[in-house]
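I opened this notebook to record what I looked up, entry by entry, beginning with the cysteines and then turning to the fold and its core.

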Amino acid sequence: MKHILLVEDDLRLAALIEQFLVKNQFKVSVLHSGEKACDYIVQHQPDLVLLDVMLPKMDGFSICRAIRDKFTNPILFLTAKDSDFDHVLGLEIGADDYIIKPVEPHVLLARINMVFRRVQHQQIEQVDELHIGQLDIFKKSRQVALKGEKIELTSHEFELLWLLASKAGDIQSRDVIHQKMLGREYDGFDRSVDVRISRLRKKLGDNTESPYKIITVWGKGYLFSASAWDE
């Protein structure tokens, strides 16, 4: 469960945002002034900070400046008007995005999820090893082991496994897979990806008749199940 810190002096707005985010499976902490925000952020390292620009005691820009070298997770500013937000200053001091009040809940949720996806992608790009249950994948050496036993994969099979495993829990469409694996759009007829998926399943001990490790989501694509590799 992702932890979000909301720093907002409007008590009613803060309560509404907190309630909405909790309903959407986030852990939410709330502060109503800026004076305690710096210590809280550095000590608790929330996954994301929603930071009002205009705060009593210490404004959002000052908080961001004070903590940015000690806090690397995303910061989203909340601002009353687009014209009141200094975009250049916000970016220079380390803001990841900003949202204009009054906050539309579903827009807020979409922006938060977008930032989390971007952070996850950046982290994955830096990773050269994946350890998912008893499955170990090593990008540099291109080696794969399941329960300690080496699995021999072709180059294309390894690339496909890395693509799916690095996005575990997210459905990867055939279009995305074709673009990344083959450099072309899926035409609706090419079965090469399906063949490679089938081979991967066999080599990784998946149930080929009723797959549960690499799942086919009909009409959407494939889902790599992160929980299926603990057995």
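Entry one, cysteines. I looked for disulfides in this predicted model, and by the rule of sulfur atoms within 2.5 Å the count comes to zero. I then checked C38, which is in no disulfide, since the nearest cysteine sulfur, that of C64, is 9.6 Å away. C64 likewise is in no disulfide, its nearest cysteine sulfur being that of C38 at 9.6 Å. Are these cysteines buried or exposed? I noted that C38 counts as buried at 13% relative accessibility, and that C64 is buried with a relative accessible area of 0%.

Entry two, the whole chain. I read off eight helices and 12 strands for the protein, and I noted that 44% of its 231 residues count as buried. The protein exposes about 12900 Å², of which carbon and sulfur atoms supply 50%. Among contacts with a separation of 6 or more, 53% are between residues 24 or more positions apart.

Entry three, the core. I looked up the largest nonpolar core and found that it has 26 residues, with I137, V144, L204 and F224 having the most contacts inside it. The elements that give two or more residues to this core include the strands β6 (129–132), β7 (135–138), β8 (143–146) and β12 (221–224), together with the helices α6 (155–165), α7 (174–182) and α8 (192–203). Of these, α6 gives the most, with seven residues. I finished with F224 and, leaving aside residues up to four places away in sequence, listed among those it touches I132, L135, L161, L164, I214 and W229.

Key:
Residues are numbered from 1 along each chain as its sequence is written. This is a predicted model: local features need pLDDT of at least 70, side-chain atom pairs count only at pLDDT 80 or more; totals for chains, interfaces and linings use all residues. Side-chain values use heavy atoms; hydrogens and water are left out. A nonpolar core is a set of buried Ala, Val, Leu, Ile, Met, Phe, Trp, Tyr and Cys residues joined through side-chain atoms within 4.5 Å. Buried means under 20% relative accessible area, exposed over 50%, partly exposed in between (1.4 Å probe, protein chains only). Helices (H or I, at least four residues) and strands (E, at least two) are DSSP runs, numbered from the N terminus. Contact means heavy atoms within 4.5 Å. Accessible areas come from the Shrake-Rupley method with a 1.4 Å probe; for residues, only the protein chains shown count as cover.
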